[in-house]
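Colleague: I have a model open on my screen and would like to learn how to read it. Could you take me through a few features, one at a time?

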Amino acid sequence: MKIGVLGAGQLGRMLALSAYPLGHQMRFLALSEEDPSSLLGKTYINSKADVIKLFSDDSDVVTYESENTDVSIVRDVSKKSNVFPSERSLHLTQHRGREKELLCELNIPCAPYQIVNSVSELQNAIKSIGLPAILKTTRDGYDGKGQFHIKFESQIDEAWGHMSGNESILEGFVKFERELSLIAVRGLDGSLKYYPLVENTHHEGILRLTVAPAQNISKSLQKKAEGYMHSLINEIDHVGVLTIELFDSKDELIVNEIAPRVHNSGHWTIEGAQTSQFENHIRAITNSPLGETSIKHQFNAMINIIGEYGATQKVLETENAHLHLYDKEERQDRKLGHITITSNSFDALNKSIDSLKEYLP
Ligand code: AMP
């Protein structure tokens with residue numbers, strides 16, 4: 001099939017790398033020729049109506065790689081091609097308030113929240129939610145951008161100033177022990193597969209390390225997370241990969257965010273799982289049977305390469321380490337690539353992580 005991707009970043013690139021062995025062709029709607037996937041398929045540059053039409057006419061099925069994709073583009077493309085995940089998944093996940101509303105309807109735990117549009121609404125929200133709390137823009141946030149951690153009432157004006165007048169959401173601060181995520185894939189026929197829960201370590205809002213599977217996860221905790229995913233993914237009739245980010249707070253799971261796409265915390269699946277998240281997304285949107293999601297190695301880790309390429313030679317020399325670079329220019333806080341480490345011993349995994357510690361903050 002001819003698969004179109006709205007966007008041409010590293011996720012599109014890794015989708016392409018898993019689509020080619022299955023005999024598919026790729027098209028991208030990119031911002032520029034420099035985008036990480038623009039050399040991996042036929043690339044349409046610009047999002048003008050005539051370009052979108054050419055791109056849609058040239059794709060049998062279209063997907064997107066970011067929840068910040070313009071809904072109106074998805075709507076236009078849907079007139080010509082099938083788009084998976086659907087406009088509904090996108091509309092829901094690009095607004096933190098809509099996400100939380102749906103979670104509440106489905107009785108899935110999330111932080112207490114209130115939408116705020118002014119400093120006085122923020123003051124009122126703090127009266128009911130309390131401090132500490134986190135103020136976030138309802139849209140367009142990623143890697144912790146557009147967020148302010150409010151600890152004291154004296155910070156209210158500064159916090160609101162940080163939102164640049166944008167609609168925002170105040171969330172109660174969750175005292176969590178660790179951050180987890182669950183990735184699932186759902187086919188057009190409703191078939192559903194889950195990857196194991198993984199543990200994520202962030203620094204200044206950016207994911208730095210994923211350990212997969214997360215350690216000390218009881219069967220009941222995995223089942224609880226899968227139960228939340230099951231309600232959510234079926235409710236929105238999602239087709240493709242869906243990710244939920246969770247806080248683990250003394251065995252209570254609280255959902256933080258939903259992403260309608262392959263996720264950075266699932267990059268380890270390229271070497272670590274029987275079928276990667278990328279291949280399974282491609283399988284789902286092309287109406288093919290979903291692949292096994294079980295792990296190939298008992299212990300896996302993923303380290304992000306952020307800002308600078310660093311000692312990539314050393315990565316190549318490290319046993320059981322795999323290097324993935326995205327062909328991007330070095331820039332502060334930019335995701336340039338990742339390293340996957342696979343092992344059948346937890347000690348050996350930690351040793352390899354330790355030998356690459358210069359990549360960790
Ligand atoms: P987000 O963009 O929502 O994923 O937030 C980025 C990071 O901020 C998360 O990975 C958490 O470490 C932290 N964070 C976000 N929301 C909360 C919350 N309600 N309580 C505690 N920490 C949070």
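Colleague: Let me start with a single residue: is Ser37 buried or exposed?

Modeller: First, a word on what we are looking at. This is a predicted model, in which local features need pLDDT of at least 70, side-chain atom pairs count only at pLDDT 80 or more, and totals for chains, interfaces and linings use all residues. Residues are numbered from 1 along each chain as its sequence is written, and side-chain values use heavy atoms, with hydrogens and water left out. Now the general idea: buried means under 20% relative accessible area, exposed over 50%, and partly exposed in between (1.4 Å probe, protein chains only). Ser37 has a relative accessible area of 0%, so Ser37 is buried.

Colleague: Where does Ser37 lie, and which backbone oxygen is 2.8 Å from a polar atom of its side chain?

Modeller: Helices (H or I, at least four residues) and strands (E, at least two) are DSSP runs, numbered from the N terminus. Ser37 is in the loop between strand E2 (25-30) and strand E3 (42-45). The backbone oxygen in question belongs to Ala8. A polar contact is a pair of N or O atoms within 3.5 Å; within protein, one must be able to donate a hydrogen and the other to accept it, and residues adjacent in sequence count only if both atoms are side-chain atoms.

Colleague: Now the ligand, please. How many residues surround it, and which are the closest?

Modeller: For this, a residue is near a molecule or strand if one of its heavy atoms lies within 4 Å of it. Here 15 residues surround the ligand, and the closest are Lys136, Gln147, Val174, Glu179 and Glu257. By class, the shell has five nonpolar, four polar and six charged residues. In that count, Ala, Val, Leu, Ile, Met, Phe, Trp, Tyr, Cys and Pro are nonpolar, Asp, Glu, Lys and Arg are charged, and the others, Gly among them, are polar.

Colleague: Which strands each supply at least two residues of that shell, and why does the ligand lie between two domains?

Modeller: The strands are E7 (133-137), E9 (168-172), E14 (240-249) and E15 (252-259). As for the domains, their bounds come from an automatic or database domain assignment. Domain 2 (112-172) and domain 3 (178-359) both give residues to the shell, so the ligand lies between them.

Colleague: What polar partners does a nitrogen atom of the ligand have?

Modeller: An N or O atom in the side chain of Glu171 is 3.0 Å from a nitrogen atom of the ligand, and a polar backbone atom of Gly172 is 3.1 Å from a nitrogen atom of the ligand. The protein covers 90% of the 480 Å² of accessible area that the ligand has on its own. Such areas come from the Shrake-Rupley method with a 1.4 Å probe; for residues, only the protein chains shown count as cover. Arg96 belongs in this picture too, with a polar side-chain atom 3.0 Å from an oxygen atom of the ligand.

Colleague: Let us turn to helices. Which residues of helix H2 are buried?

Modeller: An α-helix has 3.6 residues a turn, so residues three or four places apart point the same way. In helix H2 (residues 49-57), the buried residues are Val51, Ile52, Phe55 and Ser56. Seen down the axis of H2, they fall within an arc of 130 degrees, so they line one face of the helix. The arc is that of the directions from the helix axis to the C-beta atoms. On the face of H2 turned away from the buried side are the exposed residues Ala49, Asp50 and Leu54.

Colleague: Which residues of helix H12 are buried?

Modeller: In H12 (residues 346-355), Leu349, Ser352 and Ile353 are buried. Their arc around the axis is only 100 degrees, which puts them on the same side of H12. The exposed residues Asp347 and Lys351 sit on the face turned away from that buried side.

Colleague: Last, the backbone. Which peptide bonds should I look at?

Modeller: The bond from Phe84 to Pro85 is cis, with omega near -5 degrees, and a cis peptide bond with omega of about 0 degrees joins Leu131 and Pro132. Pro85 lies in the loop between strand E5 (82-83) and helix H4 (87-93).

Colleague: And what is phi of Asn107?

Modeller: Phi of Asn107 is near 60 degrees, a positive value in a residue other than glycine. At 66% relative accessibility, Asn107 counts as exposed.
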